[in-house]
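Me: Please examine the model shown below with me. I should like each answer to set out its reasoning before it gives the value or name requested.

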Amino acid sequence: MSHIHITEPGTGLRWRENRLVAERGEQEVGSWPLNLIDSVFVHDKVFITGPACAALLDAGKPVVFMDPSGSLRGRLVPTMGGHGELRLAQYRISQDSGAAL
């Protein structure tokens, strides 16, 4: 799984044929299937289309927007959490006195 950082000004992210595609002008400069993406970081002067955001969020992948200095500007976070089952299992085992160290 990957955290995709798009840093080159003028690059656009689009959703095409079930893949996230990075383009600069008319040239494709990168492409990733959703199952290999953990999250996408969009740096200053990079754009992402609505369909690309929707596809990422529907798949449970957050989109993070960074300012020119690399600091967090904001995030789009999917409604579903990716670790709910894990947290539930951790809680259950924490309640089991026989499992304590």
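**Charged pairs, sheets and core**

Me: As what does Arg14 count at 32% relative accessibility?

Reply: The model is predicted, so local features need pLDDT of at least 70 and side-chain atom pairs count only at pLDDT 80 or more, while totals for chains, interfaces and linings use all residues. Residues are numbered from 1 along each chain as its sequence is written, and side-chain values use heavy atoms, with hydrogens and water left out. A residue is buried under 20% relative accessible area, exposed over 50% and partly exposed in between (1.4 Å probe, protein chains only). At 32%, Arg14 therefore counts as partly exposed.

Me: With which residue does Arg14 form a salt bridge?

Reply: A salt bridge requires a side-chain nitrogen of Lys or Arg within 4 Å of a carboxyl oxygen of Asp or Glu, and this rule gives 4 salt bridges. For Arg14, the closest N and O atoms of the pair are 2.7 Å apart. The partner counts as buried, because its relative accessibility is 12%. The residue is Glu23.

Me: Which other side chain meets Glu23 in a salt bridge, at 2.0 Å from N to O?

Reply: The partner counts as partly exposed, because its relative accessibility is 31%. It meets the side chain of Glu23 at 2.0 Å, and the residue is Arg16.

Me: How many residues apart are Asp44 and Arg73?

Reply: The side chains of Asp44 and Arg73 meet in a salt bridge, with 3.7 Å from N to O. The pair links distant parts of the chain, with Asp44 in the loop between E5 and E6 and Arg73 in strand E8. Helices (H or I, at least four residues) and strands (E, at least two) are DSSP runs numbered from the N terminus. Along the chain the two residues are separated by 29 residues.

Me: Is Arg73 buried or exposed?

Reply: Asp44 is partly exposed, because its relative accessible area is 22%. For Arg73 the value is 52%, which means that Arg73 is exposed.

Me: Which residues do salt bridges that share partners join into one network?

Reply: Glu23 is the shared partner of two salt bridges, one with Arg14 and one with Arg16. The network joins Arg14, Arg16, Glu23 and Glu28.

Me: In what order do the 4 strands of the open sheet that includes E8 lie?

Reply: Two strands pair if DSSP finds at least two bridges between them. Within this open sheet the pairing is mixed. The edge strands, E1 (2-6) and E8 (72-76), each pair on one side only. The order is E1-E5-E7-E8.

Me: Which residue in E7 is the bridge partner of Phe41?

Reply: E5 (residues 37-42) and E7 (residues 63-66) run parallel, joined by 3 bridges. Across this pairing, the partner of Phe41 is Val64.

Me: What angle does the direction of H1 make with that of E2?

Reply: A second open sheet has 4 strands in the order E4-E3-E2-E6, with mixed pairing. In it, 6 bridges join the antiparallel strands E2 and E3. H1 packs on this sheet, touching E2, E3 and E6; axes are lines fitted to C-alpha atoms, for helices over the stretch in contact, with angles from 0 to 180 degrees between N-to-C directions. The angle is about 60°.

Me: What arc do the buried residues of H1 cover around the axis?

Reply: In H1 (residues 50-58), the buried residues are Ala52, Cys53, Ala55 and Leu56. They lie on the same side of H1 because their arc, taken from the directions between the helix axis and the C-beta atoms, is only 165°.

Me: Which exposed residues does the face of H1 turned away from its buried side carry?

Reply: The buried residues of H1 pack against E2, E3, E5, E6, E7 and E8, where contact means heavy atoms within 4.5 Å. The face turned away from that buried side carries Pro51 and Asp58.

Me: Which elements give two or more residues to the largest nonpolar core?

Reply: A nonpolar core is a set of buried Ala, Val, Leu, Ile, Met, Phe, Trp, Tyr and Cys residues joined through side-chain atoms within 4.5 Å. The largest one has 15 residues, and those with the most contacts inside it are Leu13, Leu20, Ile37, Val40, Ile48 and Leu56. The contributing elements are E1, E3, E5 and H1.

Me: What is the phi of Asn18 near?

Reply: Most residues other than glycine have a negative phi. Asn18 lies in the loop between E2 and E3 and counts as exposed, because its relative accessibility is 60%. Its phi is positive, near 60°.
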